[in-house]
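Hi everyone, thanks for making time. I'd like to walk you through a few spots in a structure that's new to most of you, so have a look at the screen.

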Amino acid sequence: MTTATNPQTHLATAHKQTPVRIGLLGLGTVGTGVYKMLSRFENVTIRKIAVKDITKQRQLTEIPQDILTESVESVVSDPDIDLIVEVMGGKEFPYQIIKSALAAGKHVVTANKVVIANYGDELFQLASQNGVNLLFEAAVAGGIPIVLPLRTSLAGNRIQQIAGILNGTTNYILTRMEQAGLDFTDALKEAQQMGFAEADPTADVEGHDAACKIAILSAISCQKQVDQAAIHTEGISSIGAIDIDMARELGYAIRLIALYKAGEDQRVDIRVHPMLIPVSHPLSKIMFENNAIWVKGDAVGDVMFYGKGAGELPTASAVVGDIFLLVHALQNGQTSLAGLHFNLEGKASPLPMHDTVNAYYIRLETQDEAGVIGQLGKACGEHGVSLTAVMQKGIDPQTQSATIVLLTHDVQEANLQAALKAMQAQSTTRKIHTVLRVFQP
Ligand code: NDP
Ligand code: HSE
């Protein structure tokens, strides 16, 4: 293969000594992209590839059959492999495999957010004890560089806030519902066909995938272990087309947001839920499978990272970037990148949801009779919830129900929940359909 026409960077071509030998674990969407990208370079060689089913028909027909194996363990224990690239997915098995690779003194690059979010702390310690690196740029926001920028270029900042659109599947669904009026199920089917969704899309749709990713970004930001299970997580499955229309009329778009806020007192506010984003904010403009991460640092101010958060080549781009950091170090005679060892100190204590402060959008269905809006206002007022907008939308002729949307000022979640309870108890309230928080940069 010639190198002259390839888009090689300084890092990728700096030294052309003995190629660094890679063991690739997984040859699905991401693994295929990694293989294609690495075939452009002469200073790396893929020595073995582990897959689940060696007989499966593959898009890449040029791969020599003798480098494929169903034994992941044989790749990890191969003394002629310098670097393991884990792109199999899953939780317990890849965790065990990454652990054995690090313990055997091999560098690891992974795209696995579940493993990093759940076992990162232990694995980072193991990596530094063994003088090797565990790099994971692709685990958050696919092709967008965010892990290394937070760990390096922005390292001098106190990160005050992060608001991320970190899941391509849900953003794709919301965009298709917004732009083409598709219903949720059809939009999800499209996202699955395009290879963005996880094998079980529940993790995407219910926000758990984004929760893993914000757990990772939060850990980098506060330098503490962040327990994914402690992150309040809501998905998008209850959002209806009517909410998207109502939000648009009020000047907002709806997006699934993963949020990190540093508090004054070591407390951190970390959560994932859909939010109304003012149309004036760039996060409201993020369409389809694209991801974006808006970061507020105390020195840099606001910065935003944008691009493809999923897919074959975008994700491979991040994996290959990590590979070349290590290739460069190894070919320069360094055994590891000491500056990229990652040490977390203690556990973060996330703010309980009822203590968070937000503005809210509430859509409810009531009887259509005099005094209903006044009663809703009373329930809010009694619990310290102040309204900024009230909108009534048509009457359903069959049920004689009115759809009412309320927008609130900032209020503590505990007060809002008490007001919702009071509204629900009113005899004129038929159903509270949707409660969303409003993003305030
Ligand atoms: P795929 O399901 O497309 O591919 C998984 C690959 O791993 C397949 O080649 C499969 O083998 C192989 N594999 C699975 N289990 C085993 C096992 N026990 N032993 C050996 N091989 C195994 O997954 P993706 O490529 O989509 O995702 C891989 C990782 O990257 C995941 O952690 C995912 O979260 C992450 N990621 C994915 C993104 C995307 O856009 N898809 C974006 C960012 C991160 P076989 O081919 O034989 O079935
Ligand atoms: N399923 C994930 C998404 C893939 O939709 O964003 C990237 O992690």
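Let's start with Asp 78, in this predicted model. Is Asp 78 buried or exposed? Its relative accessible area comes out at 8%, and the cut-off for buried is under 20%, so Asp 78 counts as buried. You'll find Asp 78 in the loop that runs between helix H3 (72-76) and strand S4 (83-86). And which residues does Asp 78 touch, leaving out those up to four places away in sequence? They are Arg 47, Lys 48 and Lys 106.

Okay, on to another loop residue. Gln 228 sits between helix H10 (208-222) and strand S8 (232-233), and Gln 228 is buried too, at 17% relative accessible area. The side chain of Gln 228 makes a polar contact of 3.4 Å with the side chain of Asn 118. If you skip residues up to four places away in sequence, what Gln 228 touches includes Ala 117, His 208 and Cys 212.

While we're here, look at Gly 120 in helix H5 (residues 113-129). Gly 120 is buried, with just 3% relative accessible area. Its C-alpha is 9.5 Å from that of Ala 219, although 99 residues separate the two along the chain.

Now for the ligand. What surrounds ligand 2? Among the residues around it are Lys 113, Phe 196, Asp 204, Lys 213 and Gly 309. Thr 169 has a polar side-chain atom 2.6 Å from an oxygen of ligand 2, and for Asn 167 a side-chain N or O atom is 3.4 Å from a ligand oxygen. Glu 198 pairs with a nitrogen of the ligand instead, at 2.7 Å from a side-chain N or O atom. On its own, ligand 2 would expose 260 Å², and the protein buries 92% of that. Helix H7 (168-180) and H10 are the elements giving two or more residues to this shell.

Last stop: helix H14, residues 413-425. H14 has 13 residues and spans 18 Å from first C-alpha to last, close to the 18 Å expected. Its buried residues are Glu 413, Leu 416, Ala 419, Leu 420 and Met 423. Looking down the axis of H14, those buried residues fall within an arc of 120 degrees, so they line one face of the helix. Facing away from that buried side are the exposed residues Lys 421 and Ala 425. And what covers the buried residues of H14? The cover includes helix H13 (372-382) and strands S14 (357-367), S16 (401-408), S17 (411-412) and S18 (429-438).

That's my tour, thanks for listening.

How values were computed. Residues numbered from 1 in each chain as written. Chains lettered and ligands numbered in written order. Predicted model: local features only at pLDDT ≥ 70, side-chain atom pairs only at ≥ 80, totals over all residues. Heavy atoms only, no water. Helix = DSSP H or I, 4+ residues; strand = E, 2+ residues; numbered from the N terminus. Expected span 1.5 Å × (residues − 1). Buried < 20%, exposed > 50% of the residue type's maximum accessible area, 1.4 Å probe, protein only. Arc of directions from axis to C-beta. Contact = heavy atoms within 4.5 Å. Polar contact = N/O pair within 3.5 Å; in protein donor to acceptor, adjacent residues only side chain to side chain. Near = heavy atom within 4 Å. Areas by Shrake-Rupley, 256 points an atom, 1.4 Å probe, with all protein chains shown as cover.
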